[in-house]
Amino acid sequence: DKDGYKHFMAKEIAEQPTVLSAALSAYLTETGIALPDPGVDFAKVDRLTMVACGTAYYACFTAKYWFEQLAGLPVEVDIASEFRYREPPITPGTTALFVSQSGETADTLAALRYCAGKAERILSVVNVPESSIARESDLALPIHAGTEIGVASTKAFTCQLTVLLVLALKAAVDRGRMTEDQLQDVLASLRALPGTFNAALGRGDDIRDTAHELAEARDILFLGRGLMYPLALEGALKLKEISYIHAEAYASGELKHGPIALIDQSVPVVVMAPKDSLFEKTISNMQEVMARGGKVVLVTDAAGASIAGADAWKTIVMPEIREVLTPLLYALPAQLLAYHTAIAKGTDVDQPRNLAKSVTVE
Ligand code: M6R
């Protein structure tokens, strides 16, 4: 039931404040973080290996930044189809974590089976608690996104990010990298996230207007730095899946190592740049793009827009949010840009060509 929405994807995008609340209440108590039994003590984890496909992989890639920066935990991330055949050595003290909405993705399941008996422990972050990946894990952490029908994953992505961030915060505390006060401070912002997300949903009109122009493009680039790099990759995937426009994402700093050769007046460049600690660096990359005639869609907050918005072709303004939570909020403009571009192109948003919701063959 689409609940009055034109597409499941639109419904699932709009459901995010509700399902994010559900994911948060499953893992946060009044006073802190609570994982289902037997829990995880990250003080005993030497290395975390995260494996997934597609959007779930981008959730893992985002979480790598969190685990490394917040918890000082060495993290390896990989796509399951490469990991499973590479014969990667699994060192003692390694915890392996598999992320999958369906819990049935063939490559991810095979990667899990490769790690079984080698890794100290197998964790999974899944939407379907009775799935194969959940059943074969030592601890399965459900994301509480509810059934996701749109082939393009939206609410599962933000719920995966939520659970992964909670795990990274737990790791930071377990490993003595975060004080109780610092934890409480981040948890307060996290509890406010559904409200902030809801406020952002109300700003969808600018995104729709921009998307109508993007629909004319043949190629679109996404740029981001730090936490916005994995999100740029997710934005490009979402756009190509449902609008069939060729989209690529690059880490902003990689631009001058090749991709800048692609820039001309016909290539819109979506720059994901909240006014965070890396803002100035990203904006200088944005200026390099504009100097070559590239049309920049700047996705930022009010502070970022007041500094760099005037130069951009289009500016999309998100509510302010603390840096560590930016991937959760900036997923929304990435999803809405893809959605409205696809609508403008008249594609089948919920059932894009050649794609299946669950990829159970390799
Ligand atoms: O069910 P899974 O999370 O394991 O699926 C992984 C990918 O197939 C999935 O995320 C795919 O990339 C989506 N269509 C992305 O929107």
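Select His144. This residue sits in the loop between strand E5 (139-142) and helix H7 (155-174). The model is a predicted one. Check the backbone of His144: phi is near 60°, a positive value in a residue other than glycine.

Next, select Asp37 and Pro38. The peptide bond that joins Asp37 to Pro38 is cis, with omega near 0°. Pro38 belongs to the loop between helix H2 (16-27) and strand E1 (47-52).

**The ligand**

Now select the ligand and the residues around it. The shell counts 13 residues. Which of them come nearest? They are Ser100, Gln101, Ser102, Thr105 and Glu241.

Show Ser100 with its side chain. One of its polar side-chain atoms lies 2.6 Å from an oxygen atom of the ligand. Move to Gln101 and display the backbone. A polar backbone atom of Gln101 is 2.6 Å from a ligand oxygen atom. Then pick Val151, again with the backbone on. Here the partner is a nitrogen atom of the ligand, 3.1 Å from a polar backbone atom of Val151.

How much of the ligand does the protein cover? On its own, the ligand has 410 Å² of accessible area, and the protein covers 91% of that.

Colour the shell by element. Two helices, H3 (54-71) and H10 (228-243), are the elements that give two or more residues to the shell around the ligand. H3 gives the most, with three residues. Recolour by class: the shell around the ligand has seven polar, four nonpolar and two charged residues.

**The pocket**

Hide the ligand and turn on a surface. The space that the ligand takes is the largest pocket. The largest pocket holds about 540 Å³ of space.

Select the lining. It consists of 28 residues. Which of these lie nearest the centre of the pocket? Cys53, Gly54, Thr55, Lys357 and Val359 do. Label these five residues before going on.

Which elements each supply at least two residues of the lining? Select H3, strand E3 (94-100), helix H5 (106-115) and H10. H3 and H10 are thus familiar from the ligand shell, and they appear again in the lining of the largest pocket.

Finish with colour by class. The lining of the largest pocket has 12 polar, 10 nonpolar and six charged residues. Bring the ligand back to see its own shell inside this view, with its seven polar, four nonpolar and two charged residues.

How values were computed: Residues numbered from 1 in each chain as written. Predicted model: local features only at pLDDT ≥ 70, side-chain atom pairs only at ≥ 80, totals over all residues. Heavy atoms only, no water. Near = heavy atom within 4 Å. Polar contact = N/O pair within 3.5 Å; in protein donor to acceptor, adjacent residues only side chain to side chain. Areas by Shrake-Rupley, 256 points an atom, 1.4 Å probe, with all protein chains shown as cover. 1 Å grid on protein atoms, 1.4 Å probe; cavity = no way out; pocket = protein on both sides within 12 Å on 5 of 7 lines; lining within 4 Å. Sits in = over half its atoms within 2 Å of the grid points. Helix = DSSP H or I, 4+ residues; strand = E, 2+ residues; numbered from the N terminus. Nonpolar A, V, L, I, M, F, W, Y, C, P; charged D, E, K, R; others polar. Points joined across faces, edges and corners; volume = space filled by probe spheres on them.
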